[in-house]
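Subject: Handing over a structure, with notes on what was found

Dear colleague,

I am passing the structure below on to you, and my notes on it follow. Please keep the structure open beside the text as you read.

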Amino acid sequence: MSATTFLLGTLPTPIGTMLLVFDEDGALRALDWSDHEDRMRRLLRLHYGAAVTVQDAAPPPVIREPIAAYFAGDLGAIDAILVRHNGTAFQREVWAALRGIPAGTTLSYGALARSLGRDKAVRAVGLANGANPIGLVVPCHRVIGANASLTGYGGGLHRKQWLLAHEGVALGSRQGFFDLG
């Protein structure tokens with residue numbers, strides 16, 4: 001398998017069919033929802049080049065089982081999934097910080113920027129968050145507005161709301177706000 005060929009599998013979830021792009025080692029490269037497949041493919045081309053191809057395959061247990069466990073209530077199960085992604089050094093820094101936000105908590109874009117030592121980079125953090133190709137496992141859904149409002153989510157705000165409620169976040173309040181600093 002060439003470096004630009006990945007495997008693509010699907011997984012039914014309570015909030016729609018999930019698309020999982022992974023490599024031959026079982027590392028997750030992209031995760032999105034079937035109704036956002038165009039976005040996922042666009043991000044794959046952006047991060048891996050125009051020649052990236054995907055071949056249908058069943059998701060391996062090392063990805064499928066932790067995601068199923070997450071939806072069954074074991075919120076920390078997805079933390080064990082190996083991810084690999086391309087992006088700028090700054091994007092990778094933001095995505096690594098996202099994995100540090102515990103399930104059941106949220107963080108504002110400003111707080112995320114401050115935790116990276118980049119207080120003035122709130123917009124850049126937002127753009128990196130939006131370019132995250134591995135939603136859910138790299139939990140960009142846990143980043144919300146400074147006023148505790150839901151902000152954009154590539155999979156749709158209805159999914160972001162569901163995921164946060166599933167994790168026990170009290171939406172519309174600052175309860176569950178997490179401070180990385």
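Please bear in mind throughout that this is a predicted model. The notes begin with the pocket, go on to the chain and its domains, and end with some single residues.

The largest pocket has a volume of about 180 Å³, and of the 15 residues that line it, those closest to its centre are Arg-39, Asn-129, Cys-140, Tyr-153 and Gly-154. Sorted by class, this lining is made up of eight polar, five nonpolar and two charged residues. Two elements, the strand β3 (28-33) and the helix α5 (122-130), each contribute at least two residues to the lining of the largest pocket. Where does the largest pocket lie with respect to domain 1 (5-80) and domain 2 (89-167)? Both domains give residues to its lining, so the largest pocket lies between them.

The chain itself is divided into those two domains, domain 1 covering residues 5-80 and domain 2 covering residues 89-167. Their centres, taken over C-alpha atoms, are separated by 19 Å, and 21 residues of domain 1 are in contact with 23 residues of domain 2.

As for the secondary structure, the chain has six helices and six strands, which follow one another from the N terminus in the order β-β-β-α-β-α-α-β-α-α-β-α. The radius of gyration of the chain is 16 Å, which is close to the 16 Å that the globule rule gives for 181 residues, so the chain is as compact as a globular protein of that length. Along its principal axes, the C-alpha trace spans about 45 × 35 × 25 Å. Of the 181 residues in the chain, 49% are buried. If one takes the contacts between residues at least 6 apart in sequence, 61% of them join residues at least 24 apart.

Among the single residues, Arg-39 is a good place to start, since it was named above as one of the residues closest to the centre of the largest pocket. Arg-39 belongs to helix α1, which comprises residues 37-48. Is Arg-39 buried or exposed? Its relative accessibility is 17%, and because buried means under 20%, Arg-39 counts as buried. Leaving out residues up to four places away in sequence, Arg-39 touches Asp-32, Gly-130, Asn-132 and Gly-154. Between Arg-39 and Val-94, which are 55 residues apart along the chain, the C-alpha atoms are separated by 20 Å.

One of the residues that Arg-39 touches, Asn-132, sits in the loop between α5 and β6 and counts as buried at 2% relative accessibility. Beyond residues up to four places away in sequence, Asn-132 touches Arg-39, Leu-43, Trp-95, Leu-98, Val-138 and Cys-140.

Leu-136 is also placed in the loop between α5 and β6 (143-144). Although Leu-136 is not a glycine, it has a positive phi of about 70°. Most residues other than glycine have a negative phi. Leu-136 is, in addition, buried, with a relative accessible area of 0%.

In strand β3 you will find Leu-28, which counts as buried at 0% relative accessibility. When its neighbours within four places in sequence are left aside, the residues in contact with Leu-28 include Leu-20, Val-21, Phe-22, Ile-63, Ile-81, Ile-134 and Val-137. The C-alpha atoms of Leu-28 and Phe-6 are separated by 9.6 Å, the two residues being 22 apart along the chain.

Val-62, by contrast, counts as exposed at 54% relative accessibility, and its place is in helix α2, residues 61-71. Again not counting residues up to four places away in sequence, Val-62 touches Gly-26 and Ile-81. From C-alpha to C-alpha, Val-62 and Ala-27 are 8.5 Å apart in space, while in sequence they are 35 residues apart.

The last residue in these notes is Thr-106, found in the loop between α3 (89-98) and β5 (107-108) and counted as buried at 0% relative accessibility. Thr-106 and Ala-170 are 64 residues apart in sequence, and their C-alpha atoms are 9.8 Å apart in space.

With best wishes

How values were computed: Residues are numbered from 1 along each chain as its sequence is written. This is a predicted model: local features need pLDDT of at least 70, side-chain atom pairs count only at pLDDT 80 or more; totals for chains, interfaces and linings use all residues. Side-chain values use heavy atoms; hydrogens and water are left out. On a 1 Å grid over the protein atoms alone, a cavity is a set of points where a 1.4 Å probe fits but cannot get out, and a pocket is an open set with protein on both sides within 12 Å along at least five of seven lines; lining residues have an atom within 4 Å of a point. Grid points are joined across faces, edges and corners, and a volume is the space filled by probe spheres set on the points. Helices (H or I, at least four residues) and strands (E, at least two) are DSSP runs, numbered from the N terminus. Ala, Val, Leu, Ile, Met, Phe, Trp, Tyr, Cys and Pro count as nonpolar, Asp, Glu, Lys and Arg as charged, and the others, Gly among them, as polar. Domain bounds come from an automatic or database domain assignment. The radius of gyration is taken over C-alpha atoms; the globule rule is 2.2 Å times the number of residues to the power 0.38. Buried means under 20% relative accessible area, exposed over 50%, partly exposed in between (1.4 Å probe, protein chains only). Contact means heavy atoms within 4.5 Å.
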